[in-house]
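Reader: Hello! I am new to this structure and would love a friendly, close look at one part of it. Could you start from a single spot and then walk me through what lies around it?

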Amino acid sequence: MKKDWLGNAHSTFVAIGASNHSSNERETNDFYATDPIAAELLLKVEPSLHDIWETACGKGHLASVFARHNKLAIATDLIDRGYGTQLDFLLCKCHHNGDIVTNPPYRYALEFVQKSLDVIPKGRKVAMFLRIQFLEGKERRKFFDENPPQTIYISTSRIKCAMNGDFKSISSSAALYAWFVWQKGWKGDTKIKWIN
């Protein structure tokens, strides 16, 4: 039986020649580090973000940018990769009085958004760096109807995400990413904007 999006040599992505999906298995815990430029771009368009909890910090590619801008409160990850504190965000009984920003493991992206909105107070923000395909699907459509993103910032550049943080192994990206930003309690029409 052929595999789904987790992918191997029979993956749909390989069949269509998408260059950032290899013939190898995906990283076990879905660790694909994000080019730090993504964090810089987010802070330019969402400068009010502060007391950020980076909930899937990996090796600190995004969190270190937030720290440099004095925006970071805490960084955690399911796996100890040498940055932040080891914590299973989806299972923790926690609350956070600041904002939550991360590139979550894609297979758990919806759960990360839901949990993030649950643990912050009204008025605070959740920003998730996700493939534009996150807009698809009936389950997510229902979630979007009840929890509309305030803004979706589509990257006009092909920002790279590298397995295990190995950016030297990839020359370009075939995936289109965007920052999805929610403000807890906000209702209205989602704005689509473009960032470089």
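Author: Let us start at D51, which is partly exposed, because its relative accessible area is 39%. Please keep in mind that this is a predicted model. D51 sits in the loop between helix 2 and strand 2. Its backbone has a feature to look for: phi is positive, about 50°, although D51 is not a glycine. As background, most residues other than glycine have a negative phi.

A second residue makes a good companion to D51. N70 also has a positive phi, about 55°, although it is not a glycine either. You will find N70 in the loop between helix 3 and strand 3, which covers residues 72-77. With a relative accessible area of 72%, N70 is exposed, while D51 is partly exposed at 39%.

Now stay in the loop that holds D51 and look for E46. E46 lies in that loop too, between helix 2 (37-45) and strand 2 (52-54), but E46 is buried, with a relative accessible area of 5%. What does the side chain of E46 meet in a salt bridge? Its partner is K125, and the N to O distance is 2.6 Å. K125 belongs to strand 6 (residues 125-131), so the pair links parts of the chain that are 79 residues apart. K125 is buried as well, with a relative accessible area of 12%.

E46 has another neighbour worth a visit, T151, which touches E46 along with W179, F180, V181, T190, K191 and K193, leaving aside residues up to four places away in sequence. T151 is part of strand 7, residues 151-155. Its relative accessible area is 6%, so T151 counts as buried.

The bridge between K125 and E46 has company, since a search of the whole structure finds five salt bridges. One of the others joins D99 and R124, whose closest N and O atoms are 3.2 Å apart. D99 is in the loop between strand 4 (85-86) and strand 5 (100-102), and R124 is in the loop between helix 4 (109-119) and strand 6, so this pair ties together parts that are 25 residues apart in sequence. D99 is buried, with a relative accessible area of 3%, and R124 is buried at 16%. R81 and D77 form a salt bridge too, with their closest N and O atoms 4.0 Å apart. There D77 counts as buried, at 8% relative accessibility.

Let us go back to helix 2, which comes just before the loop of D51. Its buried residues are A38, A39, L41, L42 and L43. What covers them includes strand 1 (32-34), helix 3 (63-68), strand 5, strand 6, strand 9 (177-183) and strand 10 (191-195).

From strand 5, the loop that leads to helix 4 holds P104. P104 is buried, with a relative accessible area of 4%. Although P104 and A56 are 48 residues apart in sequence, their C-alpha atoms are 5.8 Å apart in space. Besides A56, P104 touches A109, F112, M128, F129 and L130, again leaving aside residues up to four places away in sequence.

A109 and F112 bring us to helix 4, where both are buried together with L110, V113, K115, S116, L117 and V119. Because eight of its eleven residues are buried, helix 4 is largely enclosed by the rest of the structure. Its buried residues pack against strand 5, strand 6, helix 5 (138-146) and strand 9.

How do helix 4 and helix 5 cross? Their axes come within 11 Å and cross at roughly 20°, which means that helix 4 is roughly parallel to helix 5. The crossing is left-handed. On the side of helix 4, L110, V113, Q114 and L117 make the contact, and helix 5 brings E139, R140 and F143. By class, that contact has four nonpolar, one polar and two charged residues.

To place this tour in the whole chain, the secondary structure comes to five helices and ten strands. Of the 196 residues, 45% count as buried. Residues 24 or more positions apart account for 68% of the contacts with a separation of 6 or more.

Notes
Residues numbered from 1 in each chain as written. Predicted model: local features only at pLDDT ≥ 70, side-chain atom pairs only at ≥ 80, totals over all residues. Heavy atoms only, no water. Helix = DSSP H or I, 4+ residues; strand = E, 2+ residues; numbered from the N terminus. Buried < 20%, exposed > 50% of the residue type's maximum accessible area, 1.4 Å probe, protein only. Contact = heavy atoms within 4.5 Å. Axes fitted to C-alpha atoms, helices over the stretch in contact; angles between N-to-C directions. Parallel < 35°, antiparallel > 145°, perpendicular 65-115°, else oblique. Left-handed = near helix turned anticlockwise from the far one by under 90°. Nonpolar A, V, L, I, M, F, W, Y, C, P; charged D, E, K, R; others polar.
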